[in-house]
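Visitor: I am new to this structure and would like a close look at a single part. Please take one strand and explain how the rest is arranged around that part.

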Amino acid sequence: MKIALRTHDLGVRGLDAAVSRLKECNIDAVQLVAYKFIDEIKYEAGGLNRDNAALIGETLAAAGITVGLVGAYFNPVHSNAEKVLRGKQVFKDYLKYCKTLGCDTVGSETGSFNDDKWTYNPMNRTDGALETVVSTFSELAGYAKSVGAYVGMEGAAGHVCWNVATLKRAQDAIAADNIKIIFDIYNYLDGSNYNDYLSILDEGLKTFAGRITVFHIKDCVYSDGKLKQVAPGKGLFDFKKILGAIKSYDKDAFLVLEGTTGEDIVPCANFIRRVWDEIN
């Protein structure tokens, strides 16, 4: 098992500062989103290139830091066609250079018709929305295959692939052997189903057997009629059961503490390690 952080959750800017912060936190793995923590790399076509990708990859490798996933998230159903085109161009750049960065998979969520808000819209749950996602990710999977890379897809309740079954429909329709799954239990929850998180996890592990590349690890509380993310160990999730299921699925699982920041990083990482080690 490896515990990872997103590079932009470290609270620092720049490659050297990120490496130093990871060492301080005793974390040796990341979900890498270059344009979100390195000012010189812009979110645009050509922003990531052979030279800056090599510098990042070599620096992280020299520090013993593993890259579990490269993020290039964009909204494939955004109403602004130029934003969608730019998102695909950036994603393809990251596919082209992901191995140079130290990883073979680039990931994104499946988007929302609420554009930059990435929240629920009834149009998200239409066949047309799913067809757009399938078309877009089929194009990306085709390009990924040409460069020997993989595409990671992540579902979320407010997005087009809003549950495990819908993400499976998309995966089956794309019909590419280089599609992987980014699994996040919290993403699939809302006020109507948050008590079912263990059954949703079980459904995901069975449905995507052999396809899950990373797990996003979060926790949550439900108050005032709303579900709110909190740091792992501070909410309602039973992590002995969650991590037990994940460990049975993959004892070498890549666990990303997505959204864990600041003073929560070290105690949360230690909490996850301790619970994992206690599981037979």
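**Strand β4 and its surroundings**

Guide: Both faces of strand β4 are covered: Thr105, Gly107 and Glu109 are buried on one side, and Val106 and Ser108 are buried on the other. In a regular strand, side chains alternate between the two faces of the sheet. The model is a predicted one. In that model β4 takes in residues 105-109, and 5 of its 5 residues are buried, so the strand is largely enclosed by the rest of the structure. The cut-off for buried is a relative accessible area under 20%.

The neighbours of β4 come next. On one side is strand β3, residues 66-71, which runs parallel to β4 and is joined to it by 2 bridges. Within this pairing, valine 70 stands opposite valine 106 of β4. Between the two strands the chain passes through helix α3, residues 81-101, and β3, α3 and β4 together make a right-handed β-α-β unit.

The other partner is strand β5, residues 150-154, which pairs with β4 in the parallel sense over 5 bridges. Here glutamate 109 stands opposite glutamate 154 in β5. A helix is again part of the connection: β4, helix α4 (residues 127-146) and β5 form a right-handed β-α-β unit.

The loop between β4 and α4 holds aspartate 115. This residue is buried, with a relative accessible area of 18%. Its C-alpha atom is separated by 9.3 Å from that of proline 76, although aspartate 115 and proline 76 are 39 residues apart along the chain. The backbone of aspartate 115 also deserves a note, since its phi is near 55°, a positive value in a residue other than glycine. Most residues other than glycine have a negative phi.

Aspartate 224 can be set beside aspartate 115. Aspartate 224 too has a positive phi of about 55° although it is not a glycine. Its place is the loop between β8 (219-223) and β9 (226-230). Aspartate 224 is exposed, with a relative accessible area of 80%, whereas aspartate 115 is buried.

Now to the wider setting of β4. The strand belongs to a closed barrel of 8 strands with parallel pairing, in the order β1-β2-β3-β4-β5-β6-β7-β10. From one strand to the next, the twist averages 30°.

The start of that order can be followed strand by strand. Strand β1 (residues 2-6) pairs with strand β2 (residues 29-32) in the parallel sense, over 2 bridges. Arginine 6 has glutamine 31 in β2 as its bridge partner. The helix of this unit is α1, residues 15-24, and β1, α1 and β2 make a right-handed β-α-β unit. From β2 the chain crosses through helix α2 (residues 50-62) to β3, and this β-α-β crossover is right-handed. β2 and β3 run parallel and are joined by 4 bridges. Glutamine 31 appears again here, with leucine 69 as its bridge partner in β3. β2 is also covered on both faces: Ala29 and Gln31 on one side and Val30 and Leu32 on the other are all buried.

Further along the barrel order there is a cavity to look at. The count of cavities of 30 Å³ or more comes to 1, and the largest cavity holds about 70 Å³ of space. Three elements, β6 (179-184), β7 (212-216) and α7 (239-249), each supply at least two residues of its lining. Of these, α7 gives the most, with 3 residues. Among the lining residues are Phe183, Asp184, Phe215, His216, Lys218, Ile242 and Ile246. By kind, the lining divides into 9 nonpolar, 1 polar and 2 charged residues.

To return to the part you asked about: β4 is paired in parallel with β3 and with β5, and it is buried on both faces.

Terms used
Residues are numbered from 1 along each chain as its sequence is written. Side-chain values use heavy atoms; hydrogens and water are left out. On a 1 Å grid over the protein atoms alone, a cavity is a set of points where a 1.4 Å probe fits but cannot get out, and a pocket is an open set with protein on both sides within 12 Å along at least five of seven lines; lining residues have an atom within 4 Å of a point. Grid points are joined across faces, edges and corners, and a volume is the space filled by probe spheres set on the points. Ala, Val, Leu, Ile, Met, Phe, Trp, Tyr, Cys and Pro count as nonpolar, Asp, Glu, Lys and Arg as charged, and the others, Gly among them, as polar. Buried means under 20% relative accessible area, exposed over 50%, partly exposed in between (1.4 Å probe, protein chains only). Two strands pair if DSSP finds at least two bridges between them. A crossover is right-handed if, with the strands pointing away from the viewer, the path from the first strand over the helix to the second runs clockwise. Axes are lines fitted to C-alpha atoms, for helices over the stretch in contact, and angles run from 0 to 180 degrees between N-to-C directions.
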